[in-house]
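Biologist: Before we discuss any assignments, could you show me the model and then take me through the reasoning behind each label?

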Amino acid sequence: MNWVKGVQNIANFRNIRQWRRLVTCLQPHHLRPAQPRIQDQHSKLYSPCQLIHSHCANYAAQEQNSTDILLGLLDGFRQSQTLFSAVELGVFDFLDVEKASAEDVSNGLDLSLDGTERLLDACCGLGLLQKQANGIYTNTHVAEMHLLKRSPHSFVGYILHSQELLVPLWSHLATAVAQGSNVWENTFGTSAEQVFSNVYVSTHGIERFMSAMHSMGAQTSPFIVSAFDLSSYRSVLDLAGATGHLAIAFCRAYPDSMACVGDLSQVLPTTKIYIDEASLTHRISVCEIDMFHKIPCTITPSDAPVDLIMLSRVLHDWKDDDCIKILKNSFSALHQGGGVLIAEKLLNNEKHTGPVSAQLQSLNMLVQTHGRERSLNEFETLLHHAGFVDVRAHSTGKYLDVILAKKP
């Protein structure tokens, strides 16, 4: 019985006198002999029975708490799959057009009524939908902000990227841990070495990845560029910048600045679309760059010397040696006094202490790239090895943290 285990583990009975006290405590109250009072360190008086019952109650509470923690972890994938499926099926966009019953959603999206009602109710439980007394479902504020394709704060791109790409890769996490490398070949039968060739295998793949990066980047980039006073940097290179979300945020925060987004040739047509939608084509240019070969020391079209190179969620894709190569090329491209701005999830220097989001993201890097998440100490080592000094870090309180270092 659990109460016996609790008493044995916590009270640690060692003689027959203690067991008699236990038996006494389990008797009906009117049959119990008078009990002496015990004073604890906080000057409260307890009988032995009260102490035993207190220990048993604490043990039961701890046991229940451990069960709740485990059940919460087991429910985690169900919650994410509920979210992914509702987005994939277009539930939130449908309810954005009109408030609807389960039958309306079922008919409108050509889904089974039973399955639709279960999915909608689960979304209510997760705080994504609300159900009115008349059976009509509506989006909550969370859904309106982040789960509609039309929203400027939408996470739809990253959710679809997770559903189509990350979930299959994560299903081979045990294999990734065993072999210490990504599982592209195990999951999709493609090269484990050419990670981004796998991502950019088609127009759909490029658009999916770019939309995913923009979903996350648009939420965090304004906080990244305001983490430090960067007003002295006038010409900025957003290296491997994807949609240019960081360059866009920088130019909006510093009106006198110019920027260039450097990336692979197959990415840049999509980059131009995002810059045009931000109405910043007059201040942000694009250029093809191989960051492992050479990084330009000027930005087009003005040929102004690069003052600051920004790397947002780039270094976590690569091994230490590759990171040092990128940072050394950045160092060579900068003039004296130039800077490098790094945006990544920072692990604590004692990595086992978290934060959990960074620990999980490091596993995410394991299954799909050659890289990992790092601590500030590790980034300092990489930066110093490349020649940078005056390394400073700032926690934004958002998804990414920021590091700034200078070329002496």
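Biologist: Which residues does Glu88 contact, leaving aside its neighbours within four places in sequence?

Modeller: In this predicted model, Glu88, which belongs to helix α3 (residues 48-89), is in contact with Leu160 and Gln163 once its neighbours within four places in sequence are set aside. The label rests on heavy atoms lying within 4.5 Å, whereas the C-alpha atoms of Glu88 and Gln163 are 8.5 Å apart, with their positions 75 residues apart in sequence.

Biologist: What makes Arg150 and Asp96 a salt bridge?

Modeller: The cut-off is 4 Å between a side-chain nitrogen of Lys or Arg and a carboxyl oxygen of Asp or Glu, and for Arg150 and Asp96 the N to O distance is 2.8 Å, so the pair qualifies as a salt bridge. Arg150 sits in the loop between α7 (141-146) and α8 (156-170) while Asp96 sits in helix α4 (residues 91-97), so the bridge ties together parts that are 54 residues apart in sequence.

Biologist: Why is Arg150 called exposed, and Asp96 partly exposed?

Modeller: Exposed requires a relative accessible area over 50% and buried requires one under 20%; Arg150 has 58%, so Arg150 is exposed, and Asp96 has 29%, so Asp96 falls in between as partly exposed.

Biologist: How do you know that Asp114 forms a salt bridge with Arg118, and where do the two residues lie?

Modeller: The closest N and O atoms of Asp114 and Arg118 are 2.9 Å apart, within the 4 Å limit, so the salt bridge is assigned. Both residues lie in helix α6 (residues 113-125), four residues apart, which is about one turn of the helix. Asp114, at 45% relative accessibility, is partly exposed, whereas Arg118, at 58%, is exposed.

Biologist: What makes Arg208 and Glu164 a salt bridge, and is Arg208 buried or exposed?

Modeller: Their closest N and O atoms are 3.1 Å apart, which is again within 4 Å, so Arg208 and Glu164 meet the criterion. The pair links distant parts of the chain, with Arg208 in helix α12 (residues 203-225) and Glu164 in helix α8, 44 residues apart. Arg208 has a relative accessible area of 15%, which is under 20%, so Arg208 is buried, while Glu164, at 33%, is partly exposed. A search of the whole structure finds six salt bridges, these pairs among them.

Biologist: Turning to the pockets, which element gives the most to the lining of the largest pocket, and how is that lining divided by class?

Modeller: The largest pocket has a volume of about 1,000 Å³ and is lined by 26 residues, with Ser80, Phe84, Ser162, Trp170 and Leu360 nearest its centre. Helix α3 gives the most to this lining, with seven residues, and α3, α7, α8 and α16 (356-368) each supply at least two. By class, the lining has 16 nonpolar, nine polar and one charged residues.

Biologist: Which element gives the most to the lining of the second largest pocket?

Modeller: For the second largest pocket, with a volume of about 760 Å³, that element is α12, with six residues. The lining comprises 43 residues, of which Phe196, Tyr200, Ala240, Asp317 and Trp318 lie nearest the centre, and it divides into 22 nonpolar, 15 polar and six charged residues.

Technical notes: Residues are numbered from 1 along each chain as its sequence is written. This is a predicted model: local features need pLDDT of at least 70, side-chain atom pairs count only at pLDDT 80 or more; totals for chains, interfaces and linings use all residues. Side-chain values use heavy atoms; hydrogens and water are left out. Buried means under 20% relative accessible area, exposed over 50%, partly exposed in between (1.4 Å probe, protein chains only). On a 1 Å grid over the protein atoms alone, a cavity is a set of points where a 1.4 Å probe fits but cannot get out, and a pocket is an open set with protein on both sides within 12 Å along at least five of seven lines; lining residues have an atom within 4 Å of a point. Grid points are joined across faces, edges and corners, and a volume is the space filled by probe spheres set on the points. Ala, Val, Leu, Ile, Met, Phe, Trp, Tyr, Cys and Pro count as nonpolar, Asp, Glu, Lys and Arg as charged, and the others, Gly among them, as polar.
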